[in-house]
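Visitor: I would like to learn how to read a protein model step by step. Could you guide me through this one?

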Amino acid sequence: MKFYKHPTTIEGYNAHRTLYKALDKKEKRQYKKAKFFGFIGKIVSLLTVCLCMVVAIQVSNLIRPFADGVFFYILNGIIKFLFRVCCFIVSLILSVLVALPLWNMGAKHQKEQKDILRFKATEHLRTAYKLTEPCLVTKCYECLNDAKFNLHDVCVFFVGDELRITTNLLHGFFNPVNDLGCYMFSKDEVTVTMIPYKETVAAKLACSEITFILGQRAYKFIKKNFTKLQGASTMTIPGTHLMKLQPAPFAAIQSGHKTLELRLNDGKRQKIKVGDTIVFTQTETGETLRAAVSDIRKYPDFEAMYGVEDPIAMGYSEGETADPKDMSQYYTEDEIKRYGTLAIEIKKIEA
């Protein structure tokens, strides 16, 4: 494992001004256009309010007391005041409606230019860390031994036969503090597995010095791209399979009582091999656990299986009758005849 952090020279707000100078003519026009629409929107909004209030004052001056006397004079003043307040509120709403298209247009251009500037701000880092495609942006839930990566979006990519992880450079940033450096792993010193993590499933990328807990998309991405590399067979990535379980069998596996998982031998299950890992998710609580596959035995149907396998290992209690018809609540007869069945021998992996 290697680690490199580029000595950043762009600092704070100056990055924004420096990068603006680096924009080409077209990009600068877009940036100025964004400010122009925002400014015109404010002017239009202010003029709308002023115009509405001038009209409101003129109209309110036409209101006369209903009769002579102090009471009617005061009443007339209150009516004028309330009328002007209502007109002011209406003018504010009207000014926003009139100026909104201009503000939206300005905000759109401004966002586009800020995205360009953020991207340009990290150009030196993309060059230094050799960021290339394919690249995956995913969440780093936790990084053991380097807490600054915790809860950050990170880029996972490949350079030659190395896997690299750095902060999210695809979307860029201005603040140099966001540059977390770049970790580089060779294919023979890192392992990638799927693990339960809190209420979800995550990809665990680990070597002897550091461990990253990443979004589960990282597992398939790393496995797929490392496999394509020449000589990548030296890196062992055990298969990980996701399965759901009802509360009772989940608890039985969790306690160590159930060591056989019974399934159809369908397309999904045909991918399971000895040495792979199964991540079980409890259907009601979302709780997860991992189990290693130690053996796989095929049968034409559950009746044949029940005649050979140990009922206790299947999850039945001592003295309870093991009936293959119990599986009809999960699978139809047609499905069983079509695919056949599997007895997957498992061993719970302690967290």
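Guide: We will go from the chain as a whole to its sheet, and then to its salt bridges. Please keep in mind throughout that this is a predicted model.

Visitor: Let us begin with the whole chain, then: how many helices and strands are there in the protein chain?

Guide: The protein chain holds 9 helices and 13 strands. Of its 351 residues, 40% count as buried, and the chain exposes about 20300 Å², of which carbon and sulfur atoms supply 59%.

Visitor: Which contacts should I look at if I want to see how parts distant in sequence come together?

Guide: Take the contacts between residues at least 6 apart in sequence, and ask what share of them reaches much further along the chain; here 66% join residues at least 24 apart.

Visitor: Now to the sheet: in what order do the strands of the open sheet stand?

Guide: To read a sheet, walk across it from one strand to its neighbour, rather than along the sequence. In this open sheet of 8 strands the walk gives E1-E5-E4-E3-E2-E8-E7-E6, and the pairing is antiparallel. Strand E1, residues 2-4, and strand E6, residues 191-197, have a single partner strand each, and therefore one side of each is left without a neighbour in the sheet. As you pass from one strand to the next, the twist averages 35 degrees.

Visitor: Is strand E6 largely enclosed or left open by the rest of the structure?

Guide: Standing at the edge of a sheet is one matter, and burial is another, which must be checked residue by residue. In E6, 5 of the 7 residues are buried, so this strand is largely enclosed by the rest of the structure.

Visitor: How many bridges join E6 to E7, and what lies between these two strands?

Guide: There are 7 bridges between E6 and E7, which run antiparallel, and the two strands form a hairpin with 2 residues between them. In the turn you will find Lys198, which has a positive phi of about 55 degrees. To follow the pairing on the model, find Ile195, which stands opposite Ala202 in E7; Ala202 in turn stands opposite Gly215 in E8. Strand E7, residues 200-206, is joined by 5 bridges to strand E8, residues 211-215, and these two also run antiparallel.

Visitor: Let us turn to the side chains: to what does the count of salt bridges come?

Guide: A salt bridge is recognised here when a side-chain nitrogen of Lys or Arg lies within 4 Å of a carboxyl oxygen of Asp or Glu. The count comes to 11 salt bridges. One of them joins Glu162 to Lys2, with the closest N and O atoms 3.0 Å apart. Because Glu162 lies in strand E4 and Lys2 in strand E1, the pair ties together parts that are 160 residues apart in sequence.

Visitor: Is Glu162 buried or exposed?

Guide: The cut-off for buried is under 20% relative accessible area, and Glu162, at 12%, is buried, whereas Lys2 counts as partly exposed at 46%. Another pair is Lys148 with Asp146, whose closest N and O atoms are 2.9 Å apart; Lys148 is partly exposed at 36%, while Asp146 is buried at 8%. In the salt bridge of Lys258 with Glu261 the closest N and O atoms are 3.6 Å apart, and here Lys258 is buried at 8% and Glu261 is buried at 4%.

Visitor: Which residues are linked in a network of salt bridges?

Guide: The residues to select are Asp295, Arg297, Glu309 and Glu345, which are linked in such a network.

Note on methods
Residues numbered from 1 in each chain as written. Predicted model: local features only at pLDDT ≥ 70, side-chain atom pairs only at ≥ 80, totals over all residues. Heavy atoms only, no water. Pairing = 2+ DSSP bridges. Helix = DSSP H or I, 4+ residues; strand = E, 2+ residues; numbered from the N terminus. Axes fitted to C-alpha atoms, helices over the stretch in contact; angles between N-to-C directions. Buried < 20%, exposed > 50% of the residue type's maximum accessible area, 1.4 Å probe, protein only. Contact = heavy atoms within 4.5 Å. Areas by Shrake-Rupley, 256 points an atom, 1.4 Å probe, with all protein chains shown as cover.
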